[in-house]
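Got your viewer open and a hand on the mouse? Let's walk through this structure one selection at a time.

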Amino acid sequence: MERKDRPFDVIGQLAALRRYARSLVRNSDDAEDLVHDALLRAYEKKQSFRRGGNLRTWLLSILHNAHIDRVRQDRSLARRHEEAAVETEQSLQAAQEHAVRLQQVRDAFFHLPEEQREALHLVAIEDLSYQEAATALGIPMGTLMSRISRARAQLREFEEKTPRASHLRLIGGNGNEGN
């Protein structure tokens with residue numbers, strides 16, 4: 001028997017949790033593990049969820065805390081990121097300029113300091129309000145706004161320094177004109 005009002009229905013939040021986890025750990029398999037761990041914690045702490053509270057913000061907060069716990073337990077995370085970055089294909093075919101550009105922007109986003117990346121992700125990608133994002137991260141709203149401002153400034157600086165692809169035209173022919 002289905003209830004129409006299901007305050008603890010996390011199925012609708014899975015996409016947001018997966019996106020945020022992917023942003024935090026930058027690896028699909030690790031992101032799925034992190035979402036699993038967060039959902040397990042959420043179900044274990046289900047009684048602490050306030051009826052009428054914002055389930056999405058609560059779950060994102062649990063996910064964030066699970067990530068922090070993993071970082072504290074496993075200091076080799078940075079080493080794995082570096083190894084993964086080395087193996088990532090760094091160039092694409094010339095006809096795929098926009099794909100290269102997207103990869104550059106993605107790399108710039110992932111090179112932001114973790115605190116800035118997670119704050120910007122929650123506001124810009126997950127579309128949380130500043131207050132909701134600050135709550136999910138467990139930080140004051142002023143700190144969140146500062147982190148977002150610094151992240152955006154770094155991305156603007158990246159934009160200014162990144163050369164644009166030039167659109168070259170072939171002038172002349174194959175050298176056989178007039179033969």
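Select aspartate 127 to begin: you'll find this residue in the loop between helix 6 and helix 7. Helices here are DSSP runs of H or I with at least four residues, strands are runs of E with at least two, and both are numbered from the N terminus. What you're looking at is a predicted model, where local features need pLDDT of at least 70 and side-chain atom pairs count only at pLDDT 80 or more, while totals for chains, interfaces and linings use all residues. Residues are numbered from 1 along each chain as its sequence is written, and side-chain values use heavy atoms, with hydrogens and water left out.

Is aspartate 127 buried or exposed? Aspartate 127 is exposed, because its relative accessible area is 63%. (Buried means under 20% relative accessible area, exposed means over 50%, and partly exposed is in between, using a 1.4 Å probe and protein chains only.) Check the backbone here too: aspartate 127 has a positive phi of about 60°, although it is not a glycine. Most residues other than glycine have a negative phi.

Now jump to arginine 26, in the loop between helix 1 and helix 2. Arginine 26 isn't a glycine either, and its phi is positive as well, at about 60°. With a relative accessible area of 26%, arginine 26 is partly exposed.

**Zoom out**

Show the whole protein as a cartoon. How many helices and strands are there? You should see 8 helices and 0 strands, so the pattern along the sequence reads α-α-α-α-α-α-α-α. The protein has 179 residues, and 32% of them count as buried. Switch on a surface and you're viewing about 12,200 Å² of exposed area, 51% of it supplied by carbon and sulfur atoms. Those areas come from the Shrake-Rupley method with a 1.4 Å probe, and for residues only the protein chains shown count as cover.

Next, think about contacts, which means heavy atoms within 4.5 Å. Of the contacts between residues at least 6 apart in sequence, 68% join residues at least 24 apart.

**Into the core**

Select Trp58, Leu59, Leu63, Leu122 and Leu144. Within the largest nonpolar core, which has 38 residues, these five touch the most other members. A nonpolar core is a set of buried Ala, Val, Leu, Ile, Met, Phe, Trp, Tyr and Cys residues joined through side-chain atoms within 4.5 Å. Which helix gives the most to this core? Helix 3 does, with 7 residues. In soluble globular proteins, nonpolar side chains tend to be buried together.

Stay with leucine 122 and show its surroundings. Leaving out residues up to four places away in sequence, leucine 122 touches Tyr20, Leu60, Asp127, Leu128, Ala133, Ala136 and Leu137. Asp127, where the tour began, is one of those partners.

Then pick leucine 24 in helix 1. Leucine 24 counts as buried because its relative accessibility is 1%. Try a distance label from leucine 24 to histidine 64: their C-alpha atoms are 8.4 Å apart, although these positions lie 40 residues apart along the chain.

**Two helix pairs**

Color helix 2 and helix 3. They pack at an angle of about 120°, with axes 9 Å apart. (Axes are lines fitted to C-alpha atoms, for helices over the stretch in contact, and angles run from 0 to 180 degrees between N-to-C directions.) Among the residues that meet are Leu34 and Ala38 in helix 2, and Trp58 and Leu63 in helix 3. By class, this contact has 10 nonpolar, 2 polar and 6 charged residues. Ala, Val, Leu, Ile, Met, Phe, Trp, Tyr, Cys and Pro count as nonpolar, Asp, Glu, Lys and Arg as charged, and the others, Gly among them, as polar.

Now color helix 5 (residues 97-110) and helix 8 (residues 141-161), which pack at about 145° with axes 10 Å apart. Their contact includes Val105 and Phe109 of helix 5 and Leu155 and Phe158 of helix 8.

**Two glutamines to finish**

Where is glutamine 116? Look in helix 6 (residues 114-125). Glutamine 116 counts as buried because its relative accessibility is 6%. Beyond its neighbours within four places in sequence, glutamine 116 contacts Arg147, Arg150, Ala151 and Gln154.

Last stop: glutamine 13, in the segment before helix 1. At 19% relative accessibility, glutamine 13 counts as buried too. Apart from neighbours within four places in sequence, glutamine 13 is in contact with Leu55, Arg56 and Leu59.
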